[in-house]
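I opened my notebook to look around a structure that was new to me. Here is what I looked up, entry by entry.

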Amino acid sequence: MKFFVDTAETDQIAELNDLGMVDGVTTNPSLILKSGRDILEVTKEIAEMVDGPVSAEVVALTADEMIAEGRKLAAIAGNIAVKVPLTWDGLKACKVLSGEGHMVNVTLCFSANQALLAAKAGATFISPFIGRLDDINLDGMELIADIRTIYDNYGFETQILAASIRTVNHAFQAAHIGADVMTAPPSVIKKMAEHPLTDQGLKTFMADWEKTGQKIL
């Protein structure tokens, strides 16, 4: 499973990248706002930092404008994935941009039918939003499973990018179902390393080691 980091904070990306935990980065207008940075500047910096896809999102609402913005974003670096919304205009933009050889991440997916359309339009990635479905008492993981089944049925190459991941359980469940990629905030990725029995075991080992009176260095 590929790990994408869902942030535009370059210091957090760098820390995880040094550990080999970054296969790509996803950004969106909200994350750009939070960073306080210019979209073109910070996207270029991130794209130079990581080898994998860096999703940069268009903000236009019509297909022609999305295509124009997408081309400008894609020109930043060779590893840019243009992010478009799952609307009819977004699908039109996806078809054109993917036809030109650009990676396209179709975002804000909330149904298997939408995911099927995105795959038909040539999307590189489809981003179903798990957490936002959970917010309205629907099971986001059922959507991941449904998309996995449909894509496997017909051999679609569009990668399932599990998005809006908010908990370590979301991360585990997405991996268990077979999502190709998950994108999560740095805090969630770090929490995946935590377990109370690990902490308890380490505490015991340290207490016993102190009693030996020995040193390694």
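Entry on charged pairs. I looked at E41 first and found its side chain in a salt bridge with R37, at 3.0 Å from N to O. This is a predicted model, so I read each distance as a feature of the prediction. R37 also meets E45 in a salt bridge, here at 2.6 Å from N to O. I then checked how open these residues are. E41 counts as partly exposed because its relative accessibility is 46%. R37 is partly exposed at 25%, and E45 is partly exposed at 31%.

Next I turned to helix α8 (residues 140-154), where R148 and D152 sit 4 residues apart, about one turn of the helix. Their side chains form a salt bridge at 3.2 Å, N to O. R148 is buried, with a relative accessible area of 14%, whereas D152 counts as exposed at 51%. Back at the earlier trio, salt bridges with shared partners join R37, E41 and E45 into one network. My search of the whole structure gave 9 salt bridges.

Entry on strands. Which way do the residues of β7 point? From this strand (residues 159-162), Q159 and L161 point one way, I160 and A162 the other, and all are buried. Strand β6 (residues 125-128) runs parallel to β7, joined by 2 bridges, and F125 has Q159 as its bridge partner. On to β8 (residues 181-184): 2 bridges join this strand to β7, also in parallel, with V181 opposite L161. I noted that β7, helix α9 (residues 168-177) and β8 make a right-handed β-α-β unit.

Technical notes: Residues numbered from 1 in each chain as written. Predicted model: local features only at pLDDT ≥ 70, side-chain atom pairs only at ≥ 80, totals over all residues. Heavy atoms only, no water. Buried < 20%, exposed > 50% of the residue type's maximum accessible area, 1.4 Å probe, protein only. Pairing = 2+ DSSP bridges. Right-handed = clockwise from strand over helix to strand, strands pointing away. Salt bridge = Lys/Arg side-chain N within 4 Å of Asp/Glu carboxyl O.
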